[in-house]
Amino acid sequence: MKIPLLNLKRQYELLQPMIESKVLDVLHSAQYILGHNVLELENRIAEYCETKYAVSCANGTDALILALKALGVGLGDEVITTPFTFFATAEAISIVGANPVFVDVEPDTYNIDSDQIESKLTRKTKAIMPVHIFGQPANMGAINKIAKKYNLYVIEDACQSIGANYQGKKVGSLSDIACFSFFPTKNLGCAGDGGVITTDNQKLADTIKSLRVHGSGKVKYYNYLIGQNSRLDELQAAILLVKLNKLDTWNHSRIEKAAYYTEKLKDTSLILPHVWESSVFHLYIVQSDQREAMVSFLLSAGISTGTYYPVPLHQQIAYKNLGYTDGSMPVSEHLAKRTFALPLYPELIQEEQDYIIQKVWEFENK
Ligand SMILES: *Cc1c(COP(=O)(O)O)cnc(C)c1O
């Protein structure tokens, strides 16, 4: 049996007639930029995330950049974030001229360790950017408390966790501003690149609407800010409108399949995901002290896995200039040697999941 880490073809085939008719509508309309699909999607996302505003843009990285710019984070500022995430989290901070300041993660949730944040604050700290990693919300209660005490902004990197709840509230509504990605592999993905920003703050939403069209005002060719070109295409918005209707069902299915893995693998030597609040399981991440051997055993049985993340950001060559030494983020460094993802997606069928479980056990019993 061959099982990829993700099977987007299956998802597409399920929705093919609906998606194709919407795509054709857009092509026939010849309205490709900022038309009614984008507007409708933004309204639907705001409603879904329980925020007043949603502003779409070209991708999740731009969402982070636009959020930082709108908050006025820039040259010489510092933003607290996690080193155990996708590179774009810290990259966005650097792109606006600020510096990421890394705080190590919790060994069980893999989210930023809020207990260590205060010791990393300086007079240059402007914001905290927690990532809801692998689909599980960060400890937003503690993070918001610190932010309030020191007058800092909080920006959620929610790219991996659309639909997740924290204390009964939707991710994306838990801070000043939040950023999502519609990259095809995310829980809600389009057929290319896309992103969205959610906030309750009208001024921030208006600023981002301007920034995404070169800092233009309501009248074209009159520019008030140095912005960028970062819009979601009508085609992508039309596709996302079809898929958004499925998101809760898909997330539910991920949660069920994750619970099945956890039940069947609990007596192996693997360390399984620790759910402390709730998770929409963007990825099902396990730890093994024999990762390379297990991964290659599974691959020889036709099962693809993924390593998230092999290099913590403070050890990336691109961040050599920040001066972090090996051993400075011990938890992230430990995890980087041990974690990997088993295939988990709504379209994964029982027979495939049982096969994966069987192969993990075969490796265990070798
Ligand atoms: C995917 C992702 C991003 C970037 O999103 P893109 O749409 O690929 O630009 C940022 N942060 C995290 C945590 C992500 O998973």
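Helix axes are lines fitted to C-alpha atoms over the stretch in contact, and the angle between two axes runs from 0 to 180 degrees between N-to-C directions. The model shown in these close-up views is predicted.

**Figure 1. Helices α2 and α7 cross with their axes within 8 Å.** Helix α2 is formed by residues 36-49, and helix α7 by residues 234-244. Their axes cross at roughly 40°. An angle of this value makes α2 oblique to α7, since angles under 35 degrees would count as roughly parallel and those of 65 to 115 as roughly perpendicular. The crossing in which α2 passes α7 is left-handed.

**Figure 2. The loop between α2 and β1 contains E50.** Strand β1 covers residues 53-57. Within this loop, E50 has a phi near 60°, a positive value in a residue that is not glycine. Most residues other than glycine have a negative phi.

**Figure 3. Thirteen residues surround the ligand.** Which residues come nearest to the ligand? They are G60, T61, D157, S181 and K186, out of the 13 residues around the ligand. By residue class, the shell holds four nonpolar, seven polar and two charged residues.

**Figure 4. Side chains of T61, D157 and K186 approach atoms of the ligand.** In T61, a polar side-chain atom is placed 2.5 Å from an oxygen atom of the ligand. The side chain of D157 has an N or O atom at 2.7 Å from a nitrogen atom of the ligand. For K186, a polar side-chain atom is 2.7 Å from a ligand oxygen atom. On its own, the ligand has 380 Å² of accessible area, of which the protein covers 93%. Two elements, α3 (60-70) and α4 (88-95), give two or more residues each to the shell around the ligand.

**Figure 5. Helices α9 and α11 pack with their axes 10 Å apart.** Helix α9 comprises residues 291-300, and helix α11 comprises residues 350-364. The angle between these two helices is about 130°. The two helices are therefore oblique to each other, as an angle would have to be over 145 degrees to count as roughly antiparallel. In passing α11, α9 makes a right-handed crossing.

**Figure 6. A cis peptide bond joins Y308 and Y309.** The omega angle of this bond is about -10°. Where in the chain is Y309 found? Y309 lies in the loop between α9 and α10, the latter being residues 330-336. Most peptide bonds are trans.

Conventions: Residues are numbered from 1 along each chain as its sequence is written. This is a predicted model: local features need pLDDT of at least 70, side-chain atom pairs count only at pLDDT 80 or more; totals for chains, interfaces and linings use all residues. Side-chain values use heavy atoms; hydrogens and water are left out. A residue is near a molecule or strand if one of its heavy atoms lies within 4 Å of it. A polar contact is a pair of N or O atoms within 3.5 Å; within protein, one must be able to donate a hydrogen and the other to accept it, and residues adjacent in sequence count only if both atoms are side-chain atoms. Accessible areas come from the Shrake-Rupley method with a 1.4 Å probe; for residues, only the protein chains shown count as cover. Helices (H or I, at least four residues) and strands (E, at least two) are DSSP runs, numbered from the N terminus. Ala, Val, Leu, Ile, Met, Phe, Trp, Tyr, Cys and Pro count as nonpolar, Asp, Glu, Lys and Arg as charged, and the others, Gly among them, as polar. A crossing is left-handed if the near helix is turned anticlockwise from the far one by less than a right angle, and right-handed if clockwise.
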